[in-house]
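User: Please take a close look at the part of this model where the strands meet, and then walk me through what surrounds it. I am in my first year, so explain each term as you go.

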Amino acid sequence: MHIFADGFTRVSLSGGVVRFTLTQNAGENQVTEVGELLIPAVRAEQFVKGLEASLRKLSEQVKQEQQATQRNS
């Protein structure tokens, strides 16, 4: 399943599960809830660290591609 999300409105902990309410921007200052991301609380820190590391790698790839594009222009 694929859910496109621009952000989240709430984070809660219930029954050992961290719940992120995911949202999409729906126009002028409007936000629509599109789903929930559920993560076992005991794995939440590891999940966030893995996500952070992945985003750092992607950011570096984007920078390298931008630099290569600028050199070739």
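Analyst: Let's start with Glu-36, which counts as partly exposed at 44% relative accessibility. The scale works like this: buried means under 20% relative accessible area, exposed means over 50%, and partly exposed is in between (1.4 Å probe, protein chains only). Keep in mind that you are looking at a predicted model, in which local features need pLDDT of at least 70 and side-chain atom pairs count only at pLDDT 80 or more, while totals for chains, interfaces and linings use all residues. Residues are numbered from 1 along each chain as its sequence is written, and side-chain values use heavy atoms, with hydrogens and water left out.

How confident is the prediction? The pLDDT, the predictor's confidence in each residue on a scale from 0 to 100, averages 94 for the protein chain, and 100% of the residues score at least 70. Confidence is highest in E2, at 97, and lowest in H1, at a mean of 94. Those labels are DSSP runs numbered from the N terminus: helices (H or I) have at least four residues and strands (E) at least two.

Back to Glu-36. Its side chain meets that of Arg-19 in a salt bridge, at 3.7 Å from N to O. A salt bridge here is a side-chain nitrogen of Lys or Arg within 4 Å of a carboxyl oxygen of Asp or Glu. Glu-36 lies in strand E3 (residues 31-40) and Arg-19 in strand E2, so this pair ties together parts that are 17 residues apart in sequence. Arg-19 is partly exposed too, at 27% relative accessibility.

Now look at Thr-21, which also sits in strand E2 (residues 17-25). Thr-21 counts as buried because its relative accessibility is 5%. Which residues does Thr-21 touch? Leaving out residues up to four places away in sequence, its contacts are Gly-7, Phe-8, Thr-9, Arg-10, Glu-33, Gly-35 and Glu-36, where contact means heavy atoms within 4.5 Å. Notice that Glu-36, the salt-bridge partner of Arg-19, is among the residues touching Thr-21.

Phe-8 is another of those contacts, and it leads us to the rings. A search of the whole structure finds 1 aromatic pair. It is made by Phe-8 and Phe-20, with 5.4 Å from centre to centre and 90° between the planes, an edge-to-face arrangement. The pair links distant parts of the chain, 12 residues apart: Phe-8 belongs to strand E1 (residues 7-14) and Phe-20 to strand E2. Rings of Phe, Tyr and Trp (its six-membered ring) pair if their centres lie within 6.5 Å; planes under 30 degrees apart count as stacked, over 60 as edge-to-face, and the rest as tilted. The two partners differ in cover: Phe-8 is exposed because its relative accessible area is 51%, while Phe-20 counts as buried at 18%.

Between E2 and E3 there is a loop, and Asn-29 is found in it. Asn-29 has a positive phi of about 55° although it is not a glycine. Most residues other than glycine have a negative phi. With a relative accessible area of 82%, Asn-29 is exposed.

Finally, let's see what lies beyond the strands. The whole structure has 4 salt bridges, and helix H1 offers examples. Lys-49 forms one with Glu-45, the closest N and O atoms being 3.0 Å apart; both residues lie in H1, 4 residues apart, or about one turn of the helix, and both are exposed. Glu-52 and Arg-56 form another, at 3.5 Å between the closest N and O atoms, and they too lie in H1, 4 residues apart.

The surface also carries a nonpolar patch of Leu-37, Phe-47, Val-48, Leu-51, Leu-55 and Leu-58, together about 510 Å² of accessible area. Patches are made of residues with over 30% relative accessible area and no salt bridge; like charges are joined within 9 Å and nonpolar side chains (Val, Leu, Ile, Met, Phe, Trp, Tyr) within 5 Å. The areas come from the Shrake-Rupley method with a 1.4 Å probe, and for residues only the protein chains shown count as cover. Helix H1 (residues 41-72) gives the largest share of the patch, 5 residues. One of the patch members, Leu-58, is partly exposed at 48%, and Val-48 is partly exposed at 44%.
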